[in-house]
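Thanks, everyone. One structure today, and I'll start from the inside. Here it comes.

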Amino acid sequence: MKRDITKALVTEHKLILRMLAVLEKNAEATVSGTFADYGFFLTGVDFIRNYADRYHHAKEEDVLFEALVQNGMPRENSPVAAMLMEHDLGRAHVKAMEEAALAALAGETRRERDIADNALAYVALLRDHIAKEDTILYPLAERLIPEEARDGIIAGYEAAEARTAAGFAAKYQELVAACEREVLLKAA
Ligand SMILES: [Fe+2]
Ligand SMILES: [Fe+2]
């Protein structure tokens, strides 16, 4: 039995999916005019940039995907190339959502559509992306990558974790839980 190299990433996906659900609810409420807390979207940007991107996507891009390429997957025109492209596309939506939220907070009117369109596009993109990783790419990595390459991968994940500040993962778990509580309070 080879040592697992994707379970931690699947667990991170679960937290990311919870934040996507909050983002979706608040984006829909922004369009319907029942949500005007544009600061929330900056909180979403903070979570996505730091947890989903710098932490989770960095583990994929620098460690797992790199190992897939070292073990026979082509770098171009391959599932890894497609995943990298989607990470970049996500970053573009997040940047546009941030710009629109900052403008709305600065008093610009009629930026709700830009906020919501980019938030919802990001949600759709990332849900689909995560589903592909969970059901196709990660199982493939588990089959393809030999046991002797796994020490390096696990060390790579540990290095990524060591680069974060103390309490990093707990802080973002708490942030998502707090956002979920606010959604529930609004619905009550
Ligand atoms: Fe990814
Ligand atoms: Fe992922």
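Which residues in the largest nonpolar core touch the most other members? Keep in mind that this is a predicted model. The core has 28 residues. Seven names to look for: Met 19, Leu 23, Phe 41, Phe 47, Met 97, Ile 115 and Ala 119 touch the most other members.

Who supplies this core? Helix H1, residues 7-31, gives at least two residues, and so does helix H2, 39-70. Helix H3 (79-105), helix H4 (112-144) and helix H6 (168-187) each supply at least two as well.

There is another core, apart from that one. It holds 13 residues. Leu 64, Ala 67, Val 80 and Leu 137 are among them.

Now zoom in on Met 19. What is Met 19 in contact with, leaving aside neighbours within four places in sequence? Gly 44, Phe 47, Val 176 and Cys 179. Phe 47 is also one of the core residues that touch the most other members.

Step back to the whole chain. Six helices, zero strands. From the N terminus on, the order reads α-α-α-α-α-α. The radius of gyration is 18 Å, and the globule rule gives 16 Å for 188 residues; those values are close, so the chain is as compact as a globular protein of that length.

Dimensions next. The C-alpha trace spans about 55 × 35 × 25 Å along its principal axes. Of the 188 residues, 31% count as buried.

Last item, contacts. Take those between residues at least 6 apart in sequence: 82% join residues at least 24 apart.

That's my slot.

Key. Residues numbered from 1 in each chain as written. Chains lettered and ligands numbered in written order. Predicted model: local features only at pLDDT ≥ 70, side-chain atom pairs only at ≥ 80, totals over all residues. Core = buried A, V, L, I, M, F, W, Y, C linked by C-beta atoms within 7 Å. Buried ≥ 20, exposed ≤ 12 C-beta atoms within 10 Å, placed from the backbone. Helix = DSSP H or I, 4+ residues; strand = E, 2+ residues; numbered from the N terminus. Contact = placed C-beta atoms within 7 Å. Rg over C-alpha atoms; globule rule 2.2 N^0.38 Å.
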